[in-house]
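Here is a small set of exercises to work through with the model open beside you. Try each task on your own before reading its solution.

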Amino acid sequence: MSQFLIAIAVSVVLLIFLIVKLKVHPVLSLFVAGILAGLLMGYAPLKIISLFTGGFGGTLTGIGCTIIFGSIIAEGIRDTGSAKSMVNFFINLYKGKNLELSTGMAGYIMSIPVFGDITQVLMAPIAAVIAKRDKKSMSTMGGWTMLAAALTHSMVPPTPGILAVAVLLGANLGLVILWGIIISIVGYLITWLLFRGWVAKEEIPPREDYIVGVEEVDNADYRNLLIKEEGLPSVLAAMSPILVPVILITGASFADMYLAKEATLRVVLDTLGERNIALFIGVILTFLLGMSHKEKVIENFNSYSKDKESSIFTIMANKWIVEALQVALIPLLVTAMGGGFSQVIKSYEGVSELGNAITSMNVPGMLVPFLIGAFLMVAVGSRTTAGMTAAGICAGMVATLGLSPVQCAVLIGAGTMIGSHVSDSGFWVGTSLFNLNTTQGLKYITILGSIAGIICLALTAAFMAGGLL
């Protein structure tokens with residue numbers, strides 16, 4: 001066990017040093033750290049390469065299509081104006097009150113299949129317009145919007161990082177989705193209730209380029225706050241490419257638990273709820289949404305891309321795909337490299353002894369995946385890298401910690417909410433888009449996200465104690 005601990009410690013320190021200090025890209029850093037871990041565990045070089053490439057390929061097989069399909073859905077959400085429809089829905093729902101929850105909940109939904117940074121790009125201009133119209137600070141609009149996107153990015157598949165964690169741990173994907181949603185949404189609302197006053201104390205204006213021509217409105221009538229734009233899709237149509245795949249995947253998991261294996265309904269649900277098929281159905285729904293709002297799509301696509309394309313078919317079947325692949329490439333490669341690194345770690349036969357040693361010290365088993373995820377997030381600044389590395393370390397000792405794979409995945413996801421700071425690219429994306437300086441980013445991204453992560457840990461503990469999770 002000491003050999004394994006040394007290998008883990010040294011390889012993780014090297015990973016942190018390469019990414020944080022030397023600014024080496026995570027793709028190369030994960031490969032080098034994985035090779036070192038294998039050497040320190042006593043593996044022959046050819047075995048290390050075999051393990052790493054096996055993990056790399058297995059991860060791509062498991063989540064590659066899912067990431068690509070999610071990126072295509074993001075293109076459709078942008079160009080159809082679906083994000084604005086979702087925000088309008090929540091403005092109507094709350095009757096113009098607590099408008100930070102309008103962009104927050106829209107961002108929460110959008111970030112389920114879409115990478116968190118992309119969600120921030122889509123939501124920031126809308127949050128800025130609402131901040132100007134309703135005289136709200138960007139600490140409020142930005143803080144709660146970014147927190148919502150971060151929670152689903154960390155805890156709800158099929159977002160790439162937590163999806164890979166679930167796959168590496170062999171967890172039931174539908175249950176990880178279900179509990180990830182329950183815990184993250186309750187955690188979000190508790191955090192909002194407790195800290196909304198603190199977040200609102202500082203006055204931060206929106207970015208000027210987002211509010212050109214936007215004026216404050218009389219918010220006595222909440223309908224003045226709605227984003228009035230011709231051709232926006234209905235909220236059900238806007239949400240369908242996101243929610244339908246989630247419902248299908250979760251439905252398949254429950255069918256496996258409660259229906260006979262040969263039951264026709266189970267076969268149908270298992271087919272439709274296979275994650276790649278479910279996300280591809282989301283892509284089809286995105287295309288249908290685009291076809292029914294083709295003038296809006298053409299207008300928005302050309303505005304965003306500075307293009308002059310007039311064919312809706314070319315935009316959807318070619319341009320969306322090209323842009324989606326460009327967006328998906330880095331997450332694909334980082335996640336696959338993380339899978340390779342994790343495969344080397346979890347292949348060590350004595351890893352379960354570490355779990356026994358931890359439990360013998362009366363350390364609560366549930367704290368282990370949470371703390372490992374939190375430590376790695378603080379260190380490397382990537383939820384995907386932190387989560388997958390934590391999954392690799394925990395995979396071999398889940399049972400000895402007294403946890404199920406679903407519990408372990410949820411705890412790792414909550415842990416990766418801790419400590420997003422200057423080493424996290426998403427931190428800088430958020431501060432730039434929501435007009436925060438570094439100190440404000442540490443308050444409304446780092447501190448707020450960490451509080452939410454701890455609340456999600458407490459909720460997980462409560463559900464486990466009650467025998468529900």
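## Exercise 1: An aromatic pair

Phe-69 counts as buried, at 16% relative accessibility. Keep in mind that this is a predicted model.

**Task.** Find the aromatic pair formed by Phe-69 and Phe-280, and describe its geometry.

**Solution.**
- Step 1. The count of aromatic pairs comes to ten.
- Step 2. In the pair of Phe-69 and Phe-280, the rings are 5.4 Å apart centre to centre, with 50° between the planes. Planes under 30 degrees apart would count as stacked and over 60 as edge-to-face, so an angle in the remaining range is called tilted. The pair of Phe-69 and Phe-280 is accordingly tilted.
- Step 3. Phe-69 belongs to helix α3 and Phe-280 to helix α12, so the pair ties together parts that are 211 residues apart in sequence.
- Step 4. Now look at exposure: Phe-69 is buried at 16%, whereas Phe-280 is partly exposed, with a relative accessible area of 41%.
- Step 5. For a further aromatic group, look at Phe-89, Phe-90 and Tyr-94, which form one cluster.

## Exercise 2: Two buried residues

**Task.** Is Thr-286 buried or exposed, and which residues does Thr-286 contact beyond its neighbours within four places in sequence?

**Solution.**
- Step 1. Locate Thr-286 in helix α12, which spans residues 275-292.
- Step 2. Its relative accessibility is 1%. The cut-off for buried is under 20%, so a value below that qualifies. Thr-286 therefore counts as buried.
- Step 3. With neighbours within four places left aside, the contacts of Thr-286 are Ile-72, Ile-73, Gly-76, Pro-241 and Trp-320.

**Task.** Repeat the analysis for Met-316, and find how far its C-alpha atom is from that of Ile-72.

**Solution.**
- Step 1. Met-316 is placed in helix α14.
- Step 2. Met-316 counts as buried, at 5% relative accessibility.
- Step 3. Not counting residues up to four places away, Met-316 touches Phe-287, Gly-290, Met-291 and Ile-321.
- Step 4. The C-alpha atoms of Met-316 and Ile-72 are separated by 8.9 Å, although their positions lie 244 residues apart along the chain.

## Exercise 3: Salt bridges

**Task.** How many salt bridges does the structure hold? Examine three of them, and sort out where their partners sit.

**Solution.**
- Step 1. The structure holds twelve salt bridges.
- Step 2. Take Glu-75 and Arg-78, whose side chains meet at 3.2 Å, N to O. They are three residues apart in helix α3 (residues 45-80), so about one helical turn separates them. Glu-75 is buried, with a relative accessible area of 7%, and Arg-78 also counts as buried, at 15%.
- Step 3. Turn to Glu-100 and Lys-136, a salt bridge with its closest N and O atoms 3.6 Å apart. This pair links distant parts of the chain, 36 residues apart: Glu-100 is in helix α5 (residues 100-110), and Lys-136 is in the loop between α6 (116-134) and α7 (138-155). Glu-100 is buried, with a relative accessible area of 5%.
- Step 4. In the salt bridge of Asp-307 with Lys-319, the closest N and O atoms are 2.8 Å apart. Asp-307 lies in the loop between α13 (294-305) and α14 (312-346), Lys-319 lies in helix α14, and the two are twelve residues apart. Asp-307 counts as partly exposed, at 30% relative accessibility.
- Step 5. Finally, look for shared partners: salt bridges join Glu-75, Arg-78, Asp-79 and Glu-323 into one network.

## Exercise 4: A covered helix

**Task.** How many residues of α5 are buried, and which helices do the buried residues pack against?

**Solution.**
- Step 1. Eleven of the eleven residues of α5 are buried.
- Step 2. Among them are Glu-100, Gly-104, Tyr-108 and Met-110.
- Step 3. The buried residues of α5 pack against α3, α4 (82-93), α6, α7, α9 (173-199) and α10 (235-258).

## Exercise 5: A helix crossing

**Task.** Describe how helices α16 and α18 cross, and classify the residues in their contact.

**Solution.**
- Step 1. The axes of α16 (residues 367-380) and α18 (residues 405-415) come within 7 Å and cross at roughly 35°.
- Step 2. The crossing is right-handed.
- Step 3. From α16, Pro-369, Phe-370, Gly-373, Ala-374 and Met-377 meet Cys-408, Leu-411, Ile-412, Ala-414 and Gly-415 of α18.
- Step 4. By class, this contact has eight nonpolar, two polar and no charged residues.

Definitions and conventions:
Residues are numbered from 1 along each chain as its sequence is written. This is a predicted model: local features need pLDDT of at least 70, side-chain atom pairs count only at pLDDT 80 or more; totals for chains, interfaces and linings use all residues. Side-chain values use heavy atoms; hydrogens and water are left out. Helices (H or I, at least four residues) and strands (E, at least two) are DSSP runs, numbered from the N terminus. Buried means under 20% relative accessible area, exposed over 50%, partly exposed in between (1.4 Å probe, protein chains only). Contact means heavy atoms within 4.5 Å. A salt bridge is a side-chain nitrogen of Lys or Arg within 4 Å of a carboxyl oxygen of Asp or Glu. Axes are lines fitted to C-alpha atoms, for helices over the stretch in contact, and angles run from 0 to 180 degrees between N-to-C directions. A crossing is left-handed if the near helix is turned anticlockwise from the far one by less than a right angle, and right-handed if clockwise. Ala, Val, Leu, Ile, Met, Phe, Trp, Tyr, Cys and Pro count as nonpolar, Asp, Glu, Lys and Arg as charged, and the others, Gly among them, as polar. Rings of Phe, Tyr and Trp (its six-membered ring) pair if their centres lie within 6.5 Å; planes under 30 degrees apart count as stacked, over 60 as edge-to-face and the rest as tilted.
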